[in-house]
Amino acid sequence: MNRLQYFTAMAALVAIAVPFYAPAQDNAAGAHGPRKVVRKISEDIITEGNTFSIPAGNHRVIVEVVSDDIIRVGASPSMQVLKFRDSRLASLKPQPVKVSTTVSPEQFTASTPKVTVVVDRLTGKVSFTDSNGKPLLAESDPLDNTDGRHSVSFGLKKSENIYGAGERGHASRLNGSSLTFYNRPNYGYGAGDSRISQTGISIPYVASDAGYGILFDDSSPATLNVGETLTFDSEGEYPLSYYFINGNGTLEGATSGYTALTGRQDLPPVWTLGYITSKYGYHNREEALGAVDSLKTRGYPLDGIVFDLYWYGTETDMGRLEWDKKQFPDHRSMLDSLRRMGVNTVLIHQPYINKKGAIDNYNLLAGKGLLTKDADGKVNDVTTWVGEAGMFDMANPATREWLWERLSPLTAEGVAGWWGDLGEPEVHPLSIVHADGETASAYHNYYGNEWSKTIYEGLRRDFPDQRPMLMMRGGTAGLQRYSVFPWTGDVARSWEGLQAQVPLMLSSGLSGLGYMGSDVGGFAVNPENPTNEELYARWLEMGVFSPVLRTHAQLAPEPYHYPGISTLTLDYIRMRYQWFPYNYTLAYENAAKGWPLARPLNFHGDNPGEKYADLADEYLWGREVLVAPVMKAGATSREVLFPQGEWVSWWNPREHYSGGNSYTVAAPLERLPLFVKTGSFIPQYEEYIENLGKYNPQKLTIVYFPGSEESGYTLFDDNRLSPTSLADGQYRLTRFSATPGADSVAIDVRSEGGVYPGMPAWREFTLQVPALKRAPRSVTLSDDSPMKEAASPVEIGKNGWSYDPSSGTLSVKFQWDYEPLTVNITY
């Protein structure tokens, strides 16, 4: 490159750079930090900050270092200099990173402390290695943005397994799959249905158990083929780029990196971790309050109720967005009654404004230009399952403002959450051109994100003390940062419907959606077999160990419709509340680290190998618990593959299972196969409560399952109300650790963190150690002062212990004031 060519290139970069997707943001000082200095590091390589434009073959490769572990890669269709625009999928801005570079005629490298990116200047191919030079990923066909193509291929190792891509139910891993990225609903689906490889939330992100992830920065329609190579082809209009995420060897690391890049979900409203009842639908006040009363009089705890479309009238009133005065003549008093009972209300709304029952809103919106239009600027109506309608144009800021102005006063009346249904969008004619100029096809997958963002930002602005809750079933990468609690759509009430739920939940969790739930019990009813107590029981058992426990169906969703299993349903729903302190800690891990609540067995990297790679019927609940739902009619046992380590049955800790092996375990109808890794601490809340608003963290039971190695567990708590407790440092982490000896174990309790509003001045823990072979010889506290033995747990005083020889359970009760403390147990 001669001097004239160089200054021409410089001018292109700073003055007329061609952006990816849309005009780049102004980078004057203050827009995104200090002004970046454009310079060259060789005769033909141009750099601006940590972004590098490298001639390679007959085009330019653009490399941007986002963080120590995240690299963005783009390619120009020619030697023209391109400049990245801000991604609408990724939310992380480039971080200050120390980058070292090397340049030769053959290659360019840029290295952070964690990862090195290498650009082959002869072929244009890009590859990545870790800090030790170990190969992580390499393009087999370079990123190609020429002649209307937007594609890239990567070579895969034979041993690696690919996951993610959003909500996918056809398999737990994606190897051998050909996937379409275009959101769609699948009514009445089940396992074995080919439709469920393409569902309501398409996320152009994949993760490898080799320990990396790739986010393709394009929400347009696309395909992904996973074979010996991984090939992504986008139908988007603009040049494709992607983010490489170094997961440092595990799916855990890749998931943390991906959620750092695209945004992590806030701590949830606590009530979303309780039991929520829902139905298609509660037609009036009497029916809704009657369902709540029926649950409460039978002793079921309850935290939420979801109102389907009848809150605004009938099906053809879709888009009215106001309570029906005949069916709910005094909705405010109903909301107040529910709130005083600790029951939170969620209301449905949709993207459509029916031209019959909501004609006033339709005419108003059409007159203001807020509905979707065609290429000629005329309102482009849609045909929904309830008739002709207009459609909210979420690409129009004025539409979003109008919608929130309707939802905000409804929220102020006592609505705790919003359900956005049909959000794929279910009907989205290709003749639509959105307000931002995008076609319906190009905007389709992103529609749910914009809709969710509208509500989330409105809630945070107008109700700053309220944790947002949105139920959504459509969107793409980054959806989780809008506090979304998605569900797997209108699943069939069938065994096949239940069998599809583990892959759907796990693939979503590995795509950032840590709170994917299902319509527990099955939504779409078979008229020839409308109810099935065994199926309901097994679905509920799994639902208790799912991110959201919400029963929902066209018919008989509530547990009291199944009197033959009433003891089972009551016990399991109450069990959900007993596990709240453990589940809330999982919510903290999701907010702080991006980890899903439900995880594949190879998530943490300690269960490598083919046999753990494709399990569709068991999963980890956190790190310590293995869940193996029964999903076959009539089954009273099942085979379970155990992760590495030693495991015991939750129901009988004297049952031991060695990791790496499969066992046939008993599973009578009332028993969910549930296992705990030895060395684990599982916090429990033993007191019965009607709802989680009555939870009191002052008294907890901590169950320690003895192991042969040192182990630990961290319990999270805050005031369970503040949306900003993590950012404000107003939370507490309590660390339990066990150091076993030949005939003893020392249990240390330590605490760190800030003081939060309402934090107990002291706490009372009951430490339970089950399945001991004999009573301990002594139990002492930190100062070696002996603790008094009692005849039974109920007789233990302020500090003391008892032993139950029938179960081998030691119970140690002690008060704790947050100062370091050790319980020494000698057998």
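The following legends describe close-up views of a predicted model.

**Figure 1. An open sheet of 5 strands with antiparallel pairing.** The strand order in this sheet is 42-43-44-50-46. Strand 42 (711–717) and strand 46 (778–780) form the edges, each pairing on one side only. From one strand to the next, the twist averages 15°. Strands of a sheet pair through backbone hydrogen bonds, in either a parallel or an antiparallel manner.

**Figure 2. Pairing of strand 44 with strand 50.** Strand 44 (residues 744–753) and strand 50 (residues 821–826) run antiparallel and are joined by 6 bridges. Within this pairing, I747 stands opposite V823 of strand 50. The loop between strand 49 (809–816) and strand 50 contains Y818. Although Y818 is not a glycine, its phi is positive, near 80°. Y818 has a relative accessibility of 11% and counts as buried, because the cut-off for a buried residue is under 20% relative accessible area.

**Figure 3. Helix 13 against the sheet.** Helix 13 (residues 580–593) lies across strand 42 and strand 43 (732–740). The helix runs at about 85° to strand 42, which is one of the edge strands of the sheet.

**Figure 4. Packing of helix 12 with helix 13.** Two packed helices are described by the angle between their axes and the distance between the axes. For helix 12 (residues 566–578) and helix 13, the angle is about 55° and the axes are 5 Å apart. The two helices, helix 12 and helix 13, are therefore oblique to each other. In the contact, R576, Y577 and Q578 of helix 12 meet F580, P581 and N583 of helix 13. Classified by residue type, the contact of helix 12 with helix 13 comprises 3 nonpolar, 2 polar and 1 charged residues.

**Figure 5. The buried and exposed sides of helix 4.** In helix 4 (residues 331–340), the buried residues are H331, M334, L335, S337 and L338. Viewed down the axis of helix 4, these buried residues fall within an arc of 160°, so they line one face of the helix. An α-helix has 3.6 residues a turn, so residues three or four places apart point the same way. The buried residues of helix 4 pack against helix 3 (285–297), strand 22 (304–307) and strand 23 (344–349). R332 and R340, on the other side of helix 4, are exposed. Just after helix 4, G342 adopts a positive phi of about 80°.

**Figure 6. Cis peptide bonds in two loops.** Y280 and G281 are joined by a cis peptide bond, for which omega is about -20°. G281 is located in the loop between strand 21 (275–279) and helix 3. The peptide bond from E424 to P425 is also cis, with omega near -5°. P425 is situated in the loop between strand 28 (415–420) and strand 29 (432–433).

**Figure 7. A positive phi at A165 in strand 14.** Strand 14 (residues 162–166) includes A165. This alanine, A165, has a positive phi of about 70° although it is not a glycine. A165 is buried, and its relative accessible area is 0%.

Definitions and conventions. Residues are numbered from 1 along each chain as its sequence is written. This is a predicted model: local features need pLDDT of at least 70, side-chain atom pairs count only at pLDDT 80 or more; totals for chains, interfaces and linings use all residues. Side-chain values use heavy atoms; hydrogens and water are left out. Two strands pair if DSSP finds at least two bridges between them. Helices (H or I, at least four residues) and strands (E, at least two) are DSSP runs, numbered from the N terminus. Axes are lines fitted to C-alpha atoms, for helices over the stretch in contact, and angles run from 0 to 180 degrees between N-to-C directions. Contact means heavy atoms within 4.5 Å. Buried means under 20% relative accessible area, exposed over 50%, partly exposed in between (1.4 Å probe, protein chains only). The arc is that of the directions from the helix axis to the C-beta atoms. Angles under 35 degrees count as roughly parallel, over 145 as roughly antiparallel, 65 to 115 as roughly perpendicular and the rest as oblique. Ala, Val, Leu, Ile, Met, Phe, Trp, Tyr, Cys and Pro count as nonpolar, Asp, Glu, Lys and Arg as charged, and the others, Gly among them, as polar.
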